[in-house]
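Student: Could we take a close look at one part of this model? I'd like to stay with a single residue for a while and then see what lies around it.

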Amino acid sequence: MNTVNHSRFYARLLKSIHQADLCLLGKTQGIKDIQGFVPCCRYISISADGPLYVLLGLFLLYLEHYDIVKLVVVAFIIERVIYFSTKNICRRDRPADCIEGFCCTVVPQDKFSFPSGHTSAAFLIAGTLGVWYPWALPVLYGWALWVALSRVVLGVHFPSDTVAGAALGASVAALVL
């Protein structure tokens, strides 16, 4: 396949992904009307903010789980380097910046959408801590999935942003284990 055919293929693929994103984004916006759902999504999203990971690390240090903390710190360094590089290379606009009349429910922490950093970090934590605490795997991955959904419901990400974030976080977790 020559370069022109590759370009056309990738252009069609990206257009298909974007169309699927728009469809799924529209469906998730419809569930905003459920009473209490948006505030719940805000809290879930906040649970994946950076400062809470620091508190988790301090708690694990208090429990003298030094090996876990070292592993998670190395994993986060790798994940954040890949995340920031990908975000700045792709430079995908957020839904509110490219869909006329679309409003997000929260103010995003940065300009670009792809991949979702909240989702990536949540899946990284679920994957790494789940190895040490296998009894908590369903709760950890359930929480990570809710983080991904909350970012779409709040309107700051397209669904494919969260899929990419989940893949990034889970992949780095698998890499460091």
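Is Y53 buried or exposed, and what is its relative accessible area?

Tutor: Keep in mind that this is a predicted model. Y53 has a relative accessible area of 13%, and the cut-off for buried is under 20%, so Y53 counts as buried. You'll find Y53 in helix α3.

Now for the company Y53 keeps. Setting aside residues up to four places away in sequence, Y53 touches A48, F76, H118, A121, A122, I125 and W143. Along the chain, V72 is 19 residues from Y53, and their C-alpha atoms are 9.8 Å apart.

Zoom out a little and you reach the largest nonpolar core, a set of 28 residues. Y53 is among the residues with the most contacts inside this core, together with F76 and L129. Helices α3 (50–62), α4 (66–90), α6 (117–132), α7 (137–153) and α8 (159–176) each put at least two residues into this core. Nonpolar side chains in soluble globular proteins do tend to be buried together. There's also a second, separate core of five residues, including F37, V38, V153 and L154.

H118, one of the contacts of Y53, leads us on to the largest pocket. The volume of this pocket is about 260 Å³. Its lining has 17 residues, and those nearest the centre are R80, Y83, Q109, G117 and H118. Two or more lining residues come from each of α3, α4 and α6, with α4 giving the most, five residues.

R80 is worth a stop of its own. R80 lies over the face of Y83, 4.2 Å from the ring centre, and its charged end also sits over the ring of F84, at 5.8 Å from the centre of that ring. As for ring-on-ring pairs, the model has five aromatic pairs.

Last, a look at the loops beside these helices. Between α3 and α4 you'll meet E64, which has a positive phi of about 65 degrees although it isn't a glycine. E64 counts as exposed, at 55% relative accessibility. R91, in the loop between α4 and α5, is another non-glycine with a positive phi, near 50 degrees; at 48% relative accessibility, R91 counts as partly exposed. Further along, the loop between α5 (95–98) and α6 holds P115. The peptide bond joining F114 and P115 is cis, with omega about -5 degrees.

Key. Residues are numbered from 1 along each chain as its sequence is written. This is a predicted model: local features need pLDDT of at least 70, side-chain atom pairs count only at pLDDT 80 or more; totals for chains, interfaces and linings use all residues. Side-chain values use heavy atoms; hydrogens and water are left out. Rings of Phe, Tyr and Trp (its six-membered ring) pair if their centres lie within 6.5 Å; planes under 30 degrees apart count as stacked, over 60 as edge-to-face and the rest as tilted. A charge sits over a ring if NZ of Lys or CZ of Arg is within 6 Å of the ring centre and within 35 degrees of the ring normal. A nonpolar core is a set of buried Ala, Val, Leu, Ile, Met, Phe, Trp, Tyr and Cys residues joined through side-chain atoms within 4.5 Å. Buried means under 20% relative accessible area, exposed over 50%, partly exposed in between (1.4 Å probe, protein chains only). Helices (H or I, at least four residues) and strands (E, at least two) are DSSP runs, numbered from the N terminus. Contact means heavy atoms within 4.5 Å. On a 1 Å grid over the protein atoms alone, a cavity is a set of points where a 1.4 Å probe fits but cannot get out, and a pocket is an open set with protein on both sides within 12 Å along at least five of seven lines; lining residues have an atom within 4 Å of a point. Grid points are joined across faces, edges and corners, and a volume is the space filled by probe spheres set on the points.
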